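User: I'd like to go through the helix packing in this model with you. Can we take it one question at a time?

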Amino acid sequence: MAAPADITVLLDMDGTLIDSHDAVVRCIHMTMEEMGHPADRTEDLGWTIGPPLTDTMALLLGRHGDDRVAEGVAVFQRHHDELVLAESPLFPGIREVLDRFGTEGRRLVLTTSKALPAARMILERHGLMGLFAGTYGANADDTGGEKPEVIARAIAGEGIDPARAIMVGDRRYDISGAHANKVRALGVLWGYGGREELESAGADGLVDEPGQLAEAIDAMARAL
């Protein structure tokens with residue numbers, strides 16, 4: 001049985017810490033238009049938040065027979081830097097729970113598929129960087145953003161024992177990425193994946209709201 005204080009908490013960003021949905025969707029629309037394709041503003045693009053950007057761009061451009069994925073990624077990232085960095089609020093209650101974690105001395109590590117320079121800028125903007133022992137994400141060109149890779153780099157870089165770690169995220173990629181590294185995973189229901197997706201992915205537990213996160217982590221830690 002692991003003591004809660006001994007557990008490393010791996011945290012996803014989009015859909016877990018920040019509500020970037022509207023800004024990301026705007027970036028996608030702007031990218032498609034700049035690449036010469038119509039932007040379908042009736043489509044629910046929540047599915048684009050979570051996977052590596054390169055995979056998402058390949059799917060979006062592929063609908064138009066366009067293989068300029070690297071160019072699309074670069075255009076998106078330019079708009080991302082203009083919009084998402086400025087328009088990605090924390091989910092209600094997240095600041096309080098992270099401040100609590102800081103007060104309790106919990107070890108927090110960011111593990112995101114977002115490009116790491118942008119992710120760090122968002123943490124800095126919200127005054128949260130000092131709460132994280134480490135930050136891991138995709139490279140600036142969006143390579144290396146697959147969740148199993150990101151979590152593996154975090155485990156190696158921070159010397160984390162997978163048996164004493166818990167991943168927290170909102171999409172199936174967070175769950176499968178954690179399990180690929182023998183880490184248990186909590187799915188959060190305030191993000192973009194939803195209960196069905198997280199349960200189908202085999203989440204080890206679900207959390208309804210940020211205020212319940214600390215207790216859910218502690219309960220899972222006691223069962224490790």
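Analyst: Sure, and one definition up front: angles under 35 degrees count as roughly parallel, over 145 as roughly antiparallel, 65 to 115 as roughly perpendicular and the rest as oblique. This is a predicted model, where local features need pLDDT of at least 70, side-chain atom pairs count only at pLDDT 80 or more, and totals for chains, interfaces and linings use all residues. Residues are numbered from 1 along each chain as its sequence is written, and side-chain values use heavy atoms, with hydrogens and water left out.

User: How are helix 1 and helix 3 oriented to each other?

Analyst: Helices here are DSSP runs (H or I, at least four residues), and strands are E runs of at least two, numbered from the N terminus. Axes are lines fitted to C-alpha atoms, for helices over the stretch in contact, with angles from 0 to 180 degrees between N-to-C directions. Helix 1 and helix 3 pack at about 135°, their axes 9 Å apart. That angle therefore makes the pair oblique.

User: Which classes do the residues of the contact of helix 1 with helix 3 divide into?

Analyst: Contact means heavy atoms within 4.5 Å. Residues including Ala23, Val24 and Ile28 in helix 1 meet residues including Val75, Phe76 and Leu83 in helix 3. Ala, Val, Leu, Ile, Met, Phe, Trp, Tyr, Cys and Pro count as nonpolar, Asp, Glu, Lys and Arg as charged, and the others, Gly among them, as polar. The split is 8 nonpolar, 4 polar and 3 charged.

User: What do the buried residues of helix 3 pack against?

Analyst: Buried means under 20% relative accessible area, exposed over 50%, partly exposed in between (1.4 Å probe, protein chains only). Helix 3 covers residues 69–83, and its buried residues include Val69, Gly72, Phe76 and Leu83. They pack against helix 1 (21–34), helix 2 (53–62), strand 2 (107–115) and helix 5 (116–125).

User: And helix 6 with helix 7: how are they oriented to each other?

Analyst: Helix 6 (residues 147–158) and helix 7 (residues 172–180) pack at about 50°, with axes 8 Å apart. Lys147, Pro148 and Ile151 are the helix 6 residues that meet Tyr173, Asp174, Gly177, Ala178 and Ala180 in helix 7. Given that angle, helix 6 and helix 7 are therefore oblique.

User: Is Thr56 buried or exposed?

Analyst: Thr56 sits in helix 2. Leaving out residues up to four places away in sequence, Thr56 touches Trp47, Thr48 and Pro51. Its relative accessible area is 3%, so Thr56 is buried.

Key:
The expected span of a helix is 1.5 Å times one less than its number of residues.
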